[in-house]
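Welcome! Here are a few exercises with worked solutions, to be done with the sequence and the 3D view side by side.

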Amino acid sequence: MAGIFDKQAETYLQARPTYPCEWYSMLAARTSHHSLAWDVGTGNGQAALGVAEHYERVVATDISEAQLSFAIPHPRVCYVHTPQSMSEDEMVALMGGENCVDLITVATAVHWFDHPKFYKLAKRLLRNPGGIIAVWGYNDVVVNPEFDTVSKRIWEASIQFSHSNSRQIIDGYRNLPFPFESVGLGHEGKPMQLEIPKELLFEGYLKLLKSSSPINLAKEQGVDLLSEEVIKELESSWGGPNLVRTVTYKAFMLVGTITE
Ligand SMILES: C[S@@+](CC[C@H](N)C(=O)[O-])C[C@H]1O[C@@H](n2cnc3c(N)ncnc32)[C@H](O)[C@@H]1O
């Protein structure tokens, strides 16, 4: 799994959005303490940096060393490589023991995890009562009707090359197991719908496409979904390379706590 992200680690940093700061205030308002947060599948720290505005310490982990090598440093964020071989007890020891994590965040990553294993660990680590876990992702970027017609063709063509885990993100986490008590911010079967507005040049949009795992998996199988011709068509419907457009990432979130 780490391999998928190793190959695109540098593009990933340039291509992927950070998340609105209001999301972190909203989550921080729901935890009883603000000592320790764990950002899992941190990538380059896209969410860890926002979480660090509200918590004394953030441990940000990933199974891909390549992704972590492009992580953005922050005095309150400690990035740690956690290979798949690490045991549950080793993970608990790394975080400082059971019942000590105020907030667990998983940004655009939980669909890659072994859910029963991860949720069991999360339940051991979460502060009880008072801790929460938030998982979120995005699966679409809306620009304008003309551009969206062209881009939809590419995204749809890429679906058949998706890793089976990506189906959950394509479904907007509607089928994601999430065995936690609702705190009113999206729950199992009914994620909360959110939007991430961004200003982008065409180059930024193209980087997002180039960092998409189905498009990379297609390329590995000899199918280039981003031929020069396709890129030209996209760029022209964008309005040229110098036009800054406001785009909207369609996002979804589930947040829960433990009661037992
Ligand atoms: C799509 S990226 C998301 C990165 C970042 N959180 C963001 O919001 O952009 C998914 C990340 O999850 C990591 N990952 C996949 N499986 C993992 C696992 N079992 N444990 C920890 N990290 C994992 C990948 O290496 C990758 O960096």
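**Exercise 1.** Is Y173 buried or exposed?

*Solution.* Before we count, two notes on the model. Residue numbers start from 1 along each chain, following the sequence as written. This is a predicted model, in which local features need pLDDT of at least 70 and side-chain atom pairs count only at pLDDT 80 or more, while totals for chains, interfaces and linings use all residues.

Step 1: recall the cut-offs. A residue is buried if 20 or more other C-beta atoms lie within 10 Å of its own, exposed if 12 or fewer, and partly exposed in between, with C-beta atoms placed from the backbone.

Step 2: apply them. Y173 counts as buried because it has 26 C-beta neighbours inside 10 Å.

Step 3: place the residue. Y173 sits in the loop between α9 and β6 (181-182); helices (H or I, at least four residues) and strands (E, at least two) are DSSP runs, numbered from the N terminus.

**Exercise 2.** Find what is unusual in the backbone at Y173, at T108 and between N128 and P129.

*Solution.* Step 1: start from the general rule. Most residues other than glycine have a negative phi, and most peptide bonds are trans.

Step 2: check the phi angles. Y173 is not a glycine, yet its phi is positive, about 60°. T108, also not a glycine, has a positive phi of about 50°. T108 belongs to the loop between β4 (103-107) and α7, and it is buried, because 20 other C-beta atoms lie within 10 Å.

Step 3: check the peptide bond. From N128 to P129 the bond is cis, with omega near 5°. P129 lies in the loop between α7 (115-125) and β5 (132-142).

**Exercise 3.** Describe helix α8 from its length, its bend and its buried residues.

*Solution.* Step 1: length. The 15 residues of α8 reach 21 Å from first C-alpha to last, close to the 21 Å expected at 1.5 Å a residue; the expected span is 1.5 Å times one less than the number of residues.

Step 2: bend. At S151, α8 bends by about 25°, which is the angle between axes fitted to the seven residues ending there and the seven starting there.

Step 3: burial. F147, S151 and S158 are the buried residues of α8. An α-helix has 3.6 residues a turn, so residues three or four places apart point the same way. The cover over the buried residues of α8 includes α11 (213-220) and α12 (228-238).

Step 4: contrast. E146 also lies in α8, but E146 is exposed, because 12 other C-beta atoms are within 10 Å.

**Exercise 4.** Which residues does N165 touch, leaving out those up to four places away in sequence?

*Solution.* Step 1: locate N165 in the loop between α8 (145-159) and α9 (166-170).

Step 2: look for contacts, meaning C-beta atoms, placed from the backbone, within 7 Å. N165 touches H111 and W112.

Step 3: compare sequence with space. N165 and V110 are 55 residues apart in sequence and 9.3 Å apart in space, C-alpha to C-alpha.

Step 4: judge exposure. N165 is partly exposed, because it has 14 other C-beta atoms within 10 Å.

**Exercise 5.** How many helices and strands does the chain have?

*Solution.* Step 1: count the elements, which come to twelve helices and eight strands.

Step 2: add the burial. Of the 260 residues in the chain, 37% are buried.

Notes: Two residues are in contact if their C-beta atoms, placed from the backbone, lie within 7 Å.
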